[in-house]
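Me: I have a protein model open and would like to learn how to read it. Could you take me through its features one at a time?

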Amino acid sequence: MNKENAKKFQTICNGARAIILALLLSFIYVGLSSAQELPEIHGILRGKFEYQPDLGAGRFEVRNARLSASGKLPLRSEYKLEVDLCDESSIKMKDAWLRVNPVSSLRLTIGQQRMPFTIDAHRNPSVQYFANRSFIAKQVGDMRDVGFQAGYDIVGGDGGRKLLSIDAGIFNGSNLDNQKTAWFKSPGYSVRLQWFPVEGLAIIPSVQHQQIAERKASYTSFDFGAYYEKRGWHLEAEYLHKHYANSAFSNCNAVDAMVIYKQKLHSDKSLVESISCLGRYDWMQDHSSGKSGFEKDADGNATSALALTDAERHRMTLGATFSIRNPYFPTDLRVNYEKYWYPHGGAKESEQDKLVCELMIRF
């Protein structure tokens, strides 16, 4: 099969997969609604335009087109299925899990899910503040896997406020796309603690361990972050340290700090319900995800050093979000400007100074 026919075949396959996934969600909705509580169907669509002054060029992009179905089943159980029909132009399954709640404060979950780690990487696109994710959320701390997770909440104080939340799990370890060969002797693991000492304040430490580069290398990451919310303000800071076993790569540090102020408009006749002003600084050192394998020597043989994935960089993001008044389909219009600095070069085409305009709709 030549390249042109192969490309056509791949396009047909992608279209067929999208139709099958949509039909599957419909069948689940109809089938379960006859015997159980109606599933909750949610979705998010993010379209954006980016312009890079240094290139003198722009592009349009559909960043997310997600659909999810979730609901409750008998015997204190629940489920969630979530698929993104356009995650960087690919169809990807995000969540597919079943959960049992033996008691109201205990969660036991098995399936494909986000590993409990960091603050910003744990956010769904529907609740992100900026058009583009932080370096911690996108490059350094983002990880989904298949495994088992347990969570427990401690509630108390005035009004039954949550005081502490603990989530911990074991996972296959960097084998999300090939579960049949995901046998492990050393599993991945992740633990996340959320402490709410006073209303509006959260202190969140977490740790994560994963195998990478076809299980020939591994890393352990430690993250500590906190945020405070009150009277329209959201202040947040997070630090991550990534340690590679056997010195396979230089340890990577990353920082993310943001300030958001949201002002609601009280006029019912106004098209805009609220306006948010946003600022963020983030930084990351040289980083290897392990997906590119190991560096090669002069003879083309693999060494014991992991290949570089992302060069060290700094970024400052300023912007505003306009929340459109829509009770059925919450809509946000975001305008961000991102300024990058690369101390040692290595900038990627899509990771340079740019203006981003994004329209996001949720249902």
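Me: Let's begin with the secondary structure. How many helices and strands are there in the protein?

Reply: This is a predicted model, and the protein in it has two helices and 18 strands. When you read a fold, it also helps to ask which parts of the chain touch. Take the contacts between residues at least 6 apart in sequence: 55% of them join residues at least 24 apart.

Me: What share of the 363 residues is buried?

Reply: Buried residues account for 42% of the 363.

Me: Now the charged side chains. How many salt bridges does the structure hold?

Reply: There are 28 salt bridges. A good way to read one is to look at the partners, then at the distance, then at how buried each partner is. Try K94 and D87: their side chains meet in a salt bridge at 2.4 Å, N to O. K94 counts as buried because its relative accessibility is 11%, under the 20% cut-off. D87 counts as buried too, because its relative accessibility is 5%.

Me: Which residue forms a salt bridge with E50?

Reply: The partner of E50 is K48, with 3.4 Å from N to O. Both E50 and K48 are buried.

Me: Where in the chain do the partners E351 and R313 sit?

Reply: The side chains of E351 and R313 meet in a salt bridge of 3.6 Å, N to O. This pair links distant parts of the chain, 38 residues apart: E351 is in the loop between β17 (331-341) and β18 (354-362), while R313 belongs to strand β16 (residues 313-324). E351 and R313 are both buried. Salt bridges can also share partners, and in that way R66, K80, E82, D84, D95 and R144 are joined into one network.

Me: Next, the empty space. How do I find it?

Reply: The general idea is simple: a probe the size of a water molecule is rolled over the atoms, and this shows where empty space is left. Here, the second largest pocket holds about 500 Å³ of space.

Me: Which residues lie nearest the centre of the second largest pocket?

Reply: Those are Y129, K262, S276, S323 and D332, out of 24 residues that line the pocket. At least two lining residues come from each of β11 (233-244), β12 (252-264), β13 (272-284), β16 and β17. The most come from β13, which gives four residues to the lining. To read the chemistry of the pocket, sort its lining by class: seven residues are nonpolar, 10 are polar and seven are charged.

Me: And how many cavities of 30 Å³ or more are there?

Reply: The count is one cavity. The largest cavity has a volume of about 60 Å³. Its lining is made of D120, Q128, Y129, F130, N132, R133, A137, M258 and R280. Sorted by class, the lining of the largest cavity has four nonpolar, two polar and three charged residues.

Me: Let's turn to the nonpolar interior. Which residues have the most contacts inside the largest nonpolar core?

Reply: That core has 23 residues, and those with the most contacts inside it are V140, I212, A217, L240, Y244, A254 and L306. The elements that supply two or more residues to the core are α2 (135-140), β10 (217-230), β11 and β12. Of these, α2 gives the most, with three residues. To see one core residue among its neighbours, select L306: its contacts include I212, A217, Y244 and F294, leaving aside residues up to four places away in sequence. Another core, of five residues, lies apart from the largest one, and I119, F196, A202 and I204 are among its members.

Me: My last topic is backbone angles. What should I look for in phi?

Reply: Most residues other than glycine have a negative phi. That makes a positive value worth a look.

Me: Is R231, with its positive phi, buried or exposed?

Reply: R231 has a phi near 50° and sits in the loop between β10 and β11. R231 is exposed, because its relative accessible area is 74%, over the 50% cut-off.

Me: Where is S247 placed?

Reply: S247 is in the loop between β11 and β12, and its phi is positive as well, near 55°. With a relative accessibility of 66%, S247 counts as exposed.

Definitions and conventions: Residues numbered from 1 in each chain as written. Predicted model: local features only at pLDDT ≥ 70, side-chain atom pairs only at ≥ 80, totals over all residues. Heavy atoms only, no water. Salt bridge = Lys/Arg side-chain N within 4 Å of Asp/Glu carboxyl O. Buried < 20%, exposed > 50% of the residue type's maximum accessible area, 1.4 Å probe, protein only. 1 Å grid on protein atoms, 1.4 Å probe; cavity = no way out; pocket = protein on both sides within 12 Å on 5 of 7 lines; lining within 4 Å. Points joined across faces, edges and corners; volume = space filled by probe spheres on them. Nonpolar A, V, L, I, M, F, W, Y, C, P; charged D, E, K, R; others polar. Core = buried A, V, L, I, M, F, W, Y, C linked by side-chain atoms within 4.5 Å. Contact = heavy atoms within 4.5 Å.
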